[in-house]
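Biologist: I'd like a close look at one single part of this model, please, a loop residue with an unusual backbone. Once you have described that residue, please walk me on through the rest of the structure.

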Amino acid sequence: MLGPVILAASRSDKMRRIVSAAPVTKPVVNRFIPGETVDQVIPIVEDLTQAGLEVTLDVVGEDIIEVEQSHAARDAYLQLIERLAELGLGEKAEMSVKLSMFGQALEGGHELALANVRPVVEAAAAIGTTVTLDAEDHTTLDSMFAIHEELRKDFPQTGCVIQAYLFRTEADARRLADNGSRVRIVKGAYKEPAEVAYQDKAEIDKAYVRILKILMDGEGYPMIGSHDPRLIAIGQELARKAGRKLDEYEFQMLYGIRSEEHLRLAAEGHRMRVYTAYGTDWYGYFMRRLAEKPANLLFFVRSMITKN
């Protein structure tokens, strides 16, 4: 299985240097990460929204070691929200944030991350949009869910992410569905031990369907994060059986992957949101995209071979 190997490489400084130095890396990275600055990504947002799509924006960067870096991450999101407001894009573009980027892993990290993310959530609400808290490895989730619950007291539209491969997720989904949360379900993209997560793809897919049914039958707003045609079709059927209207759930896919499918779903009247990352600290995000789907890795390897 290549996925675990690539995920391990995503934490390797040596591999970071090798991949970053490869001449072909930048053009390939651009397929998944269309810019490093707000000025570069805003035209992408405009193009996507004009095509009938919605967007969630992620300023990439996770492994911070200083409090000042967490404040810089907060400020980067505030700058993004300011630009979205200027262009009237608030209703079509939300934000996705990783709490590790806001200082969650530092000393006193839970309180620091909450203090940093709150002004971002407030600013997003002021322009008519919201924030979704991304899920990271299983050791961070209790903190993430606690921050999510705290933010929802004042901003009930704040979303969170759950990962189908974790054993705990069905219970998390029931709780979130009961309290009316916005929830993005994904398969999971971190290397997790067998003690806490399914390792077999078929078992992960089965768990995904069980959890998605819980969300569709609940009181919240499901966000189906998948590129898998079978799971997309199952999601549509579960929504139909639950009596949900087209604006009572949405699909989410990554920028640069299955772009024609984005447009097809939008043309059918579905809400289709494109997860669009940007920033200079792209390595960890990029490596997880390779790990999620063998075709992404093959695309990268072919590019390296043909360029050298």
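Modeller: Happy to! Arg258 lies in the loop that runs between β7 (250–254) and α11 (259–267). Please keep in mind that this is a predicted model. The phi angle of Arg258 is near 55 degrees, which is a positive value in a residue other than glycine. As for solvent, Arg258 has a relative accessible area of 28%, so Arg258 counts as partly exposed, between the 20% limit for buried and the 50% limit for exposed.

Now for the rest of the protein. Its secondary structure comes to 13 helices and 8 strands. Of the 308 residues, 54% are buried. The protein exposes about 13,700 Å², and carbon and sulfur atoms supply 54% of that area. If you look at contacts between residues at least 6 apart in sequence, 73% of them join residues at least 24 apart.

Let's move to a pair of charged residues. Glu94 belongs to strand β2 (residues 93–97), while Arg182 belongs to strand β5 (residues 182–186). Are these two buried or exposed? Glu94 has a relative accessible area of 1%, so Glu94 is buried. Arg182 has 12% relative accessibility, and therefore Arg182 counts as buried too, the limit being 20%. Their side chains make a polar contact with each other at 2.7 Å. The side chain of Glu94 also makes a polar contact with the side chain of Thr56, at 3.0 Å.

The surroundings of the pair are worth displaying. Setting aside residues up to four places away in sequence, Glu94 touches Val55, Thr56, Leu57, Thr129, Thr130, Thr132, Arg182, Arg184 and Arg273. With the same exclusion, the residues that Arg182 touches include Glu94, Thr130, Val131, Thr132, Gln157, Tyr221 and Met223. Thr130 and Thr132 therefore appear in both contact lists, given the 4.5 Å limit for a contact. In addition, the C-alpha atoms of Glu94 and Ala124 are separated by 7.6 Å, although these residues are 30 apart along the chain.

Ala124 leads us to the helices. Helix α5 (residues 67–86) and helix α6 (residues 109–126) have axes that come within 9 Å and cross at roughly 5 degrees. Because angles under 35 degrees count that way, α5 and α6 are roughly parallel to each other. On the α5 side, the residues that meet α6 are Val67, Ser70, His71, Arg74, Tyr77, Leu78 and Ile81. Their partners in α6 are Leu112, Asn116, Pro119, Val120, Ala123 and Ala124.

A second helix pair is formed by α8 (residues 169–178) and α9, which pack at an angle of about 10 degrees with their axes 9 Å apart. So α8 and α9, too, are roughly parallel to each other. Here Thr169, Glu170, Ala173, Arg174 and Ala177 in α8 meet Arg210, Ile211, Ile214 and Leu215 in α9.

Next, the nonpolar interior. In soluble globular proteins, nonpolar side chains tend to be buried together. The largest nonpolar core in this model has 72 residues, and Tyr77, Leu84, Val117, Leu133 and Ile162 touch the most other members. Helix α9 (residues 201–217) gives the most to this core, with 8 residues. A second, separate core has 5 residues, including Phe32, Ile33, Ile257 and Tyr275.

Leu84 makes a good centre for a close-up of the largest core. Leaving aside neighbours within four places in sequence, Leu84 is in contact with Ile42, Val45, Leu57, Leu89, Gly90, Ala93, Met95 and Ile127.

One more stop is Val38, in helix α4 (residues 38–50). Val38 has a relative accessible area of 8%, and so Val38 is buried. Apart from neighbours within four places in sequence, Val38 is in contact with Gln79, Leu80, Arg83 and Tyr278. What separates the C-alpha atoms of Val38 and Gly279? The separation is 8.2 Å, for residues that are 241 apart along the chain.

Technical notes: Residues numbered from 1 in each chain as written. Predicted model: local features only at pLDDT ≥ 70, side-chain atom pairs only at ≥ 80, totals over all residues. Heavy atoms only, no water. Core = buried A, V, L, I, M, F, W, Y, C linked by side-chain atoms within 4.5 Å. Buried < 20%, exposed > 50% of the residue type's maximum accessible area, 1.4 Å probe, protein only. Helix = DSSP H or I, 4+ residues; strand = E, 2+ residues; numbered from the N terminus. Areas by Shrake-Rupley, 256 points an atom, 1.4 Å probe, with all protein chains shown as cover. Polar contact = N/O pair within 3.5 Å; in protein donor to acceptor, adjacent residues only side chain to side chain. Axes fitted to C-alpha atoms, helices over the stretch in contact; angles between N-to-C directions. Parallel < 35°, antiparallel > 145°, perpendicular 65-115°, else oblique.
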